[in-house]
Amino acid sequence: MMIDEQASIRSIIEALKTNKAEAVAKEIDGISQKPFLTALKAAGYKYNTKAPLGWHYVGEGVEPLDKSIFDFHVKKSPSPRVHKPITQSNTDIIPSNTQVTGVSHVVHQQFTSDEVGMIKEMLRSWQEASPTIQVQGTLHDRIKQLPQGDKTRKTVVIDKDIGKQLDNFCQAERVNKSDVLHLALMDFLNKEDN
């Protein structure tokens, strides 16, 4: 198999006539099989499994035979590196005579006690605004704690819309209606006693 130094599409297509894509990709330094196939497709080539078998140009315009496969190879950005925590403040890192414009790339690694307090206050107000989320979070635990003793069947009549909401809720949470009603009645009766 003869692939030129430039790794031109012409030499690659010629090599693909008698070799598998995996073998051709191994012959080219700096590219592995999956990115190689992606680059070929980006160049406008498609593998045909029916006659005529093989790689064929299906793109628009002039076939890019003299271009390099690397003209179509998109390198992934490197994965983010783990940095040691920054212990200095931004004012220690950026000299005072430096004018910062646009987006600053300095990131706080630790929260101040004021910031922690603000975050806690935000969470508290969010939880107060969405009490149903708190109940749903503990619903399964409360159901597990229900006594498994004697049970009795009771027929109740409720509003149609409430019944649909109960059905939807129980289906979404994957719980039994009787357990939800048990908890609701327990909470109601305990509230009335107080």
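**Note on salt bridges, pocket and buried contacts**

1. Arg142 has a relative accessible area of 26% and is accordingly partly exposed. This value, like the others below, comes from a predicted model. The partner of Arg142 in a salt bridge is Asp187, and the closest N and O atoms of the two are 2.6 Å apart. Arg142 belongs to helix α6 (residues 131–144) and Asp187 to helix α8, so the pair ties together parts that are 45 residues apart in sequence. Asp187 is likewise classed as partly exposed, at 37% relative accessibility.

2. A further salt bridge joins Lys177 to Asp167, with 2.8 Å between the closest N and O atoms. This pair connects distant parts of the chain, Lys177 being in helix α8 and Asp167 in helix α7 (residues 160–173), 10 residues apart. Is each of these side chains buried or exposed? Neither class applies: Lys177 is partly exposed, with a relative accessible area of 41%, and Asp167 is partly exposed as well, at 35%.

3. The salt bridge between Glu121 and Arg124 is of a local kind, since both residues lie in helix α5 (residues 113–129), 3 residues apart, or about one turn of the helix. The closest N and O atoms of Glu121 and Arg124 are 3.2 Å apart. The relative accessible area is 44% for Glu121, which is therefore partly exposed; for Arg124 the figure is 42%, again partly exposed.

4. How many salt bridges does the model contain? The count comes to 5; the three pairs described above are among them. As a general matter, side chains of opposite charge can pair when their charged atoms come close.

5. The largest pocket encloses about 700 Å³ of space. Its lining consists of 15 residues, and those nearest the centre are Thr152, Lys154, Ser178, Leu181 and His182. Which element supplies the largest share of this lining? Helix α8 (residues 177–193) does, with 6 residues. By residue class, the lining of the largest pocket comprises 6 nonpolar, 3 polar and 6 charged residues. Helix α8 thus appears in this note both as a contributor to the pocket lining and as the element that holds Asp187.

6. There are 2 aromatic pairs in the structure. One of them is formed by Tyr47 and Trp55, whose rings are 5.6 Å apart centre to centre, with 65° between the planes, an edge-to-face arrangement. The two members fall into separate accessibility classes: Tyr47 is partly exposed at 41% relative accessibility, whereas Trp55 counts as buried at 15%. Trp55 is placed in the buried class because its 15% is under the 20% limit.

7. Ser68 sits in the loop between β2 (54–57) and α4 (90–93). Is Ser68 buried or exposed? Its relative accessible area is 7%, so Ser68 is buried. Two backbone atoms are reached by its side chain: the oxygen of Gln6 at 2.8 Å and the nitrogen of Phe70 at 3.1 Å. A loop residue in this model is therefore buried, and its side chain makes polar contacts with the backbone of both Gln6 and Phe70.

How values were computed
Residues numbered from 1 in each chain as written. Predicted model: local features only at pLDDT ≥ 70, side-chain atom pairs only at ≥ 80, totals over all residues. Heavy atoms only, no water. 1 Å grid on protein atoms, 1.4 Å probe; cavity = no way out; pocket = protein on both sides within 12 Å on 5 of 7 lines; lining within 4 Å. Points joined across faces, edges and corners; volume = space filled by probe spheres on them. Helix = DSSP H or I, 4+ residues; strand = E, 2+ residues; numbered from the N terminus. Nonpolar A, V, L, I, M, F, W, Y, C, P; charged D, E, K, R; others polar. Salt bridge = Lys/Arg side-chain N within 4 Å of Asp/Glu carboxyl O. Buried < 20%, exposed > 50% of the residue type's maximum accessible area, 1.4 Å probe, protein only. Phe/Tyr/Trp six-rings, centres within 6.5 Å; stacked < 30°, edge-to-face > 60°. Polar contact = N/O pair within 3.5 Å; in protein donor to acceptor, adjacent residues only side chain to side chain.
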